Structure formats: C-alpha cells, structure tokens
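Colleague: I would like a close look at one part of this model, taken residue by residue. Please start from the aromatic residue I ask about below and then work outwards to its surroundings and the rest of the chain.

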Amino acid sequence: MFSAMSSTVTATVVQASSVFYGTPATLDKAERFLKEAAELGSQLVVFPEAFIGGYPRGYNFADQSPRGKESFRKYHASAINVPERIFLFLSKYSFPFLKCYRF
C-alpha cells in the first residue's frame, strides 16, 4: 500500500556526459557536481545512466581491426565493477555532503 510522504526532498538532476575513456576524470567531475548540489541544499543527486564508464553510442565493438580492438580495450578499461573502490568512494564521498533519508 502506498502512503504519501509529508516531507519534501530537494533533488538535483545532473545532465552531463562522462569523460569517455577517463574514469578518474569522470569521478572528479562527479565530485564537483556533488559539492555544488550539497551547497544548494540537495538531499538527492541523480546522475545519468552509465555516467561512470561512459556509454559507447556509435561504437562498433564487433570491428576486429586494430583500431576497433583498441577502442574496446579502452572502453573495457574504463568500466567499473560494483562494488568496487570507485563505487565505495562515491557512496562514502556523498554522505558528508548530502543528508540521507530512509524512505
């Protein structure tokens, strides 16, 4: 059964791209967005799907040429496992800036 909540949650929706093939740079970017959202009073920050690791739109990983194989290698190297230190970094990092609510 659904019950309406009486409290308001301030949310920030991040509409940004990742730094493709650059997970560390993407994490730096996420950190800046989290800090800014916290300064604005956000309690929830939502990032795009596949923000960490990137989304390979337009890439053909079936391409077996040296260029295609190198593209796939870079994309694979940018991927993360969950949980992994990057995931743990993000979850630990967000708590000092954002108030967490249990729904």
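What does Tyr21 count as, judged by its relative accessibility?

Modeller: This is a predicted model, so every value below is computed from predicted coordinates. Tyr21 counts as partly exposed, at 27% relative accessibility. The class follows because buried means under 20% and exposed means over 50%, with partly exposed in between. Tyr21 belongs to the loop that runs between strand 1 (11–13) and helix 1 (23–39).

The backbone of Tyr21 deserves a remark. Its phi is near 65°, a positive value in a residue other than glycine. Most residues other than glycine have a negative phi. Ala50 is another case, with a positive phi of about 60° although it is not a glycine. Ala50 sits in the loop between strand 2 and helix 2 (66–78), and at 31% relative accessibility it counts as partly exposed.

Now the side chain of Tyr21. Ring pairs link Phe20, Tyr21 and Tyr75 into a cluster. The count of aromatic pairs in the model comes to 4. In one of them, the ring centres of Phe20 and Tyr21 are 4.4 Å apart and the planes meet at 35°, so this pair is tilted. The label tilted applies because planes under 30 degrees apart would count as stacked and planes over 60 as edge-to-face. Phe20, the sequence neighbour in that pair, is partly exposed, with a relative accessible area of 25%.

Another pair is made by Phe47 and Phe51. Their ring centres lie 5.1 Å apart with the planes at 40°, so the pair is tilted. The partners fall into separate exposure classes: Phe47 counts as partly exposed at 24% relative accessibility, whereas Phe51 counts as buried at 5%.

Phe51 leads on to the interior. The largest nonpolar core has 9 residues, and Phe51 is one of them. The other members are Val14, Ala16, Leu27, Ala30, Leu34, Ala37, Val45 and Ile52. Helix 1 gives the largest share of this core, 4 residues. Helix 1 is also the helix that borders the loop of Tyr21.

Helix 1 has a charged pair as well. Glu31 forms a salt bridge with Lys35, with the closest N and O atoms 3.5 Å apart. Both residues lie in helix 1, 4 residues apart, about one turn of the helix. Glu31 counts as partly exposed at 22% relative accessibility, and Lys35 counts as partly exposed at 35%.

The structure holds 2 salt bridges. Besides the pair in helix 1, Arg73 forms a salt bridge with Glu70, the closest N and O atoms being 2.7 Å apart. Arg73 and Glu70 are 3 residues apart in helix 2, so about one helical turn separates them. At 46% relative accessibility Arg73 counts as partly exposed, and Glu70 is partly exposed too, with a relative accessible area of 33%.

The surface also carries nonpolar side chains. Val9, Val13, Leu44 and Val46 form a nonpolar patch there, with about 320 Å² of accessible area together. Val46 is in strand 2 (residues 44–46). Its relative accessible area is 37%, so Val46 is partly exposed. That value meets the condition for patch residues, because they need over 30% relative accessible area.

For context, here is the whole chain. The secondary structure comes to 3 helices and 2 strands, and along the sequence the pattern is β-α-β-α-α. The loop of Tyr21 therefore joins the leading β to the α that follows, since it lies between strand 1 and helix 1. Of the 103 residues, 27% are buried. Among contacts between residues at least 6 apart in sequence, 74% join residues at least 24 apart. The accessible surface of the chain comes to about 7900 Å², and carbon and sulfur atoms account for 56% of that area.

To return to the residue you asked about: Tyr21 is partly exposed, has a positive phi, and belongs to a ring cluster with Phe20 and Tyr75.

Notes: Residues are numbered from 1 along each chain as its sequence is written. This is a predicted model: local features need pLDDT of at least 70, side-chain atom pairs count only at pLDDT 80 or more; totals for chains, interfaces and linings use all residues. Side-chain values use heavy atoms; hydrogens and water are left out. Patches are made of residues with over 30% relative accessible area and no salt bridge: like charges are joined within 9 Å, nonpolar side chains (Val, Leu, Ile, Met, Phe, Trp, Tyr) within 5 Å. Accessible areas come from the Shrake-Rupley method with a 1.4 Å probe; for residues, only the protein chains shown count as cover. A salt bridge is a side-chain nitrogen of Lys or Arg within 4 Å of a carboxyl oxygen of Asp or Glu. Buried means under 20% relative accessible area, exposed over 50%, partly exposed in between (1.4 Å probe, protein chains only). Contact means heavy atoms within 4.5 Å. Rings of Phe, Tyr and Trp (its six-membered ring) pair if their centres lie within 6.5 Å; planes under 30 degrees apart count as stacked, over 60 as edge-to-face and the rest as tilted. A nonpolar core is a set of buried Ala, Val, Leu, Ile, Met, Phe, Trp, Tyr and Cys residues joined through side-chain atoms within 4.5 Å.
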